[in-house]
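Reader: Please take me through this model from the ligand outwards. I will ask short questions and would like the reasoning with each answer.

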Amino acid sequence: MRQSSLVVVANRLPIDDSTAPDGACEWRRRPGGLVTALHSLLRQAPATWVGWAGGTGPAPTLPDVDGVRMHTVPLTVDDLRDHYEGFANATLWPLYHDAVEQPEHHRRWWEAYQRVNQRFAAATADVAETGAVVWVQDYHLQLVPGLLRALRPDLRIGFFLHVAFPPPELFMQLPRRAELLRGILGADLVGFQRAQAAHNFAQLAVRVLGLPATDRQIVVDDRVVRIGSFPVSIDSAEMAALANRADVADRANRLRRDLGSPEQVILSVDRMDYTKGIEQRLKAYSELISDGHVKVRDTVLVQVAVPSRERVGQYQILRERVEREVGRINGEFGRVGEPAIHYLTRPFDRAELAALYRVADVMAVTPLRDGMNLVAKEYVAARVDDTGALLLSEFAGAGAELSQAYLVNPHDLEGLKQGLLAALRARPDHVRKRMRAMRAHLRKHDIHAWARSYLAALDDNGSLLSRLGTT
Ligand code: ADQ
């Protein structure tokens, strides 16, 4: 077994299996923030990525991706149902997002969560060289740090949670709350998107486990576990370069014409998820039309909602409700060739997405709860001419950083309507000033800065980073 000095562990590998039209299976790089973030670092060390490749057959052997070894962990049909769709996405996901949908608790799901986490920990122990740095990602794998420490006490282990972390009152509902906390505390450094999340975690360590804790560190078994916030970001320079391309600008112009050359375009881009506030936003928009504040001929809404987790019941119900509402609004307020909402559910490539961002005069990002929300940051990075208003939820991690956005509480329908109107009617010089400030922030706080700052904190004696030449 080849071993590495740096190991990233995530539920998914950074590749996608896509079936070619002739039925043959091909592998392609899966573009995502995390891969981009780690790419420049991983290339320089003999690094391995441990993760699931998709599918429920035996784990395939995969070629390296950009010099990074792919180490696959297999999942069975039962694992997929009980670990991924069950405990991860029907217990933890709703609970961590303010329980906006009811979390479900099943003992069988917890067993699968333990089993799959154990498998990831064992696979990681196999590929990490002595003293390696291991970086475990997200809510699917919260037991891995503890399990891995038991197997390999020599490793330097980091854990980063991409999603929101709930207040103690909600987390306390979890039947196996103590085990989950102990699992995460196997790490040397626990990172969150927001300082509030680190505070919640410290409170829980005190209340559930009786450990001495501050918002910066928790002492467990005479070991100091450091905690902190590391807001994730995007490759701002790459998005800006894409948005600046002549073909992207042409595409944006064509899109505007295809939309009927309206005065203003509002855009929303979400995974189809009940945390994203899609229904609340549609309601606000339709009320603005029926109140006479917005005219369909002048203003259109483009709602992109890519289906996700389609086998989980709550997601099927959400999709039906959203589609019924879009149909109702278009039926009531649209005309032939002039729908009030352009509703799209297919995935877009990065250039298409950049063109959409360029077309949007107002970007509405109004989740009920979101760890960060990268779409908000992508929009800002794509506004290369400093125009465009960002309507942003206070409950997204991005809201804590992009304070020059038009901030709204998406639970407050009147507030949401007022916020949308304010963004639509804002004076161009005000819009420009806000956008300029947000763009300056993102240029500095990009994905590379995020990965560097986390790894520097994890690797506090600097041995890994000096080997990578990034100190
Ligand atoms: P998500 O909940 O998936 O991420 P988000 O941060 O917005 O949410 O990321 C979505 C990504 O998918 C963006 O990069 C976006 O461009 C892309 N995308 C959306 N629709 C698309 C489409 N139709 N075609 C192509 N690409 C599309 C979780 C957490 C977030 C946290 C991230 C990263 O829930 O809070 O910001 O991880 O840590």
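Reader: Which residues come nearest to the ligand?

Author: This is a predicted model. The ligand has 18 residues around it. Those that come nearest are His 162, Phe 348, Gly 371, Met 372 and Leu 374.

Reader: Which element supplies the largest share of the shell around the ligand?

Author: E11, E12 and helix H13 (374–382) each supply at least two residues of the shell. The largest share is 3 residues, and the element it comes from is H13.

Reader: How do the residues of the shell divide into nonpolar, polar and charged?

Author: The shell draws at least three residues from each of domain 1 (4–232 + 448–464) and domain 2 (236–444). By class, the shell residues divide into 11 nonpolar, 4 polar and 3 charged.

Reader: In what order do the 6 strands of the open sheet run?

Author: The pairing in this sheet is parallel. Its edge strands, each pairing on one side only, are E13 (341–344) and E16 (406–408). From one strand to the next the twist averages 20 degrees. The order is E13-E12-E11-E14-E15-E16.

Reader: Which residue in E12 does Ser 268 stand opposite?

Author: Strand E11 covers residues 264–271 and strand E12 covers residues 299–306. The two pair in the parallel sense over 8 bridges. Opposite Ser 268 stands Gln 303.

Reader: Is Tyr 274 buried or exposed?

Author: Tyr 274 is placed in the loop between E11 and helix H10 (278–290). A residue is buried if 20 or more other C-beta atoms lie within 10 Å of its own. Tyr 274 has 20 C-beta neighbours inside 10 Å, so it counts as buried.

Reader: Which residues does Tyr 274 touch, not counting those up to four places away in sequence?

Author: One residue distant in sequence is Ile 317, 43 residues from Tyr 274 and 9.7 Å away in space, C-alpha to C-alpha. The residues that Tyr 274 touches are Val 100, Glu 101, Gln 314 and Leu 318.

Reader: Which helix gives the most to the side of domain 1 that touches domain 2?

Author: The C-alpha centres of domain 1 and domain 2 lie 30 Å apart. In the contact, 17 residues of domain 1 meet 17 residues of domain 2. The side of domain 1 that touches domain 2 has 8 nonpolar, 5 polar and 4 charged residues. The most, 3 residues, comes from helix H2 (residues 77–96).

Key
Residues numbered from 1 in each chain as written. Predicted model: local features only at pLDDT ≥ 70, side-chain atom pairs only at ≥ 80, totals over all residues. Pairing = 2+ DSSP bridges. Helix = DSSP H or I, 4+ residues; strand = E, 2+ residues; numbered from the N terminus. Axes fitted to C-alpha atoms, helices over the stretch in contact; angles between N-to-C directions. Near = placed C-beta within 6 Å. Nonpolar A, V, L, I, M, F, W, Y, C, P; charged D, E, K, R; others polar. Domains from an automatic or database assignment. Buried ≥ 20, exposed ≤ 12 C-beta atoms within 10 Å, placed from the backbone. Contact = placed C-beta atoms within 7 Å.
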